[in-house]
Amino acid sequence: MSGLACALEFKKNGYTPVIFEKKSELGGCFTGIWLRMFTKHFCDPINYIKKTYSLDIQPLNRLNKIIMKFPNKQVYVSGNLGYIMNRTSDKGSLENQIAQQTNIEVSFNSDIKVEDIKNNFDYVIVASGTHTPAENLGLWTNTSIFHTKIAQVKSNFKPGVCTVWFNREYANHSFCYIIPKTSSVATLVQVLDGIPKDKHNLYWDKFLDMEELKYEILEIKDITHYSGFVYPMQVDNILFTGNAAGLTDDLIGIGAYNAVISGILAARSITHNLDYNAIMSPYRKDIIKIHEFRKALNTFDNHDFDMLASFIGAPIIKQMIYNNPFFKIRHAYPLARGYNWFRQYK
Ligand SMILES: Cc1cc2nc3c(=O)[nH]c(=O)nc-3n(C[C@H](O)[C@H](O)[C@H](O)COP(=O)(O)OP(=O)(O)OC[C@H]3O[C@@H](n4cnc5c(N)ncnc54)[C@H](O)[C@@H]3O)c2cc1C
């Protein structure tokens, strides 16, 4: 997605990029969300991208409600929380929406190594969604590795309403969630950290069993996701964007908005001769701040998760956070840092 957004911006400025794609089609295998609390700018993320960069993105739905199920408590938040986005290979997916506006041919089935092409092009934008290109150049600091099981499931769903589950017994320090694509199809995801590979299926079965989820499973995939920091984000003629630049947070894995923006800014930094490392610095700093929350969650047991439920479910917190367009998760960073400091010396 960051690569396509980058290509679109190049084209607008009169440059013709070449797009290489490893797979045979665009798009992924899930329905995702854009959470306003996690996006950098204070205004509506879709409007921001449209007004600032003339990129038109259509969501599947507004995200109106999130139900959070903790081991012994349940909390819900509602309001203008963000958007539900199609990230499949459908025509309407975000990737295909951007590709249609780009109108540049994609060279499919091209598994590219940066080293092999860096001398053949003026610039190489690494938008591979993987950590290895930055790691190979010694620019990657790993923070977390998540194993995700992604299932497309069939049942009856309320569009615009997502559910998240937290429970050490089947998600360790991470979580599971469901996001409806339509009223009959949804993406059900389990995110696991620190559990050996041979136990993943056991944890998945435990999740379905404990939560009594009896959906018809249409498709299921396993993906390993690496989170980390990248610095610098440009070395010589190589620029890193999106997930390859470590721009997906490791608290809940939100990264699509940063992917689009970083792709556009990578192109702008070249067409307008700007310092890419400097313009990406605020985004990188946000990811580092959000990582403090991940560190806190990694110490939680089920009792702590229930305490968290009481905290985020308190009416004053609900009012201050979810219905406040000016509140961003990064603003609560001192709280997470203070908690981690306290835990360290307890
Ligand atoms: C299960 C899961 C759920 C997620 N849910 C959300 C969510 O709800 N909200 C959100 O904001 N973010 C979510 N994310 C994160 C989000 O998907 C990423 O932040 C975003 O896709 C990053 O975009 P990107 O352009 O950097 O990489 P990608 O979208 O991953 O695109 C990279 C592309 O590069 C191709 N490629 C890889 N290697 C090569 C190569 N060597 N040569 C050529 N092509 C190559 C890949 O095939 C792919 O098409 C989720 C991630 C996962 C794994």
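Q: Why is Arg87 called buried in this predicted model?
A: Arg87 has a relative accessible area of 15%. Buried means under 20%, so Arg87 is placed in that class.

Q: What makes the contact of Arg87 and Glu95 a salt bridge?
A: The two side chains meet with 2.9 Å from N to O. The criterion is a distance within 4 Å between a Lys or Arg nitrogen and a carboxyl oxygen of Asp or Glu, and the pair therefore qualifies. Glu95 also counts as buried, at 6% relative accessibility.

Q: Why is Lys181 counted as buried, and how is Asp90 classed?
A: Lys181 has 19% relative accessibility; the limit for buried is under 20%, so Lys181 counts as buried. Asp90, with a relative accessible area of 31%, falls between 20% and 50% and is therefore partly exposed.

Q: How do you know that Lys181 forms a salt bridge with Asp90?
A: The closest N and O atoms of Lys181 and Asp90 are 2.6 Å apart, and the cut-off is within 4 Å. The pair links distant parts of the chain, 91 residues apart.

Q: What makes Arg268 and Glu9 a pair that ties together separate parts of the sequence?
A: Arg268 and Glu9 form a salt bridge with the closest N and O atoms 2.9 Å apart. Arg268 lies in helix H8 and Glu9 in helix H1, so the parts tied together are 259 residues apart in sequence. Arg268 is partly exposed at 25%, whereas Glu9 is buried at 4%.

Definitions and conventions. Residues are numbered from 1 along each chain as its sequence is written. This is a predicted model: local features need pLDDT of at least 70, side-chain atom pairs count only at pLDDT 80 or more; totals for chains, interfaces and linings use all residues. Side-chain values use heavy atoms; hydrogens and water are left out. Helices (H or I, at least four residues) and strands (E, at least two) are DSSP runs, numbered from the N terminus. Buried means under 20% relative accessible area, exposed over 50%, partly exposed in between (1.4 Å probe, protein chains only).
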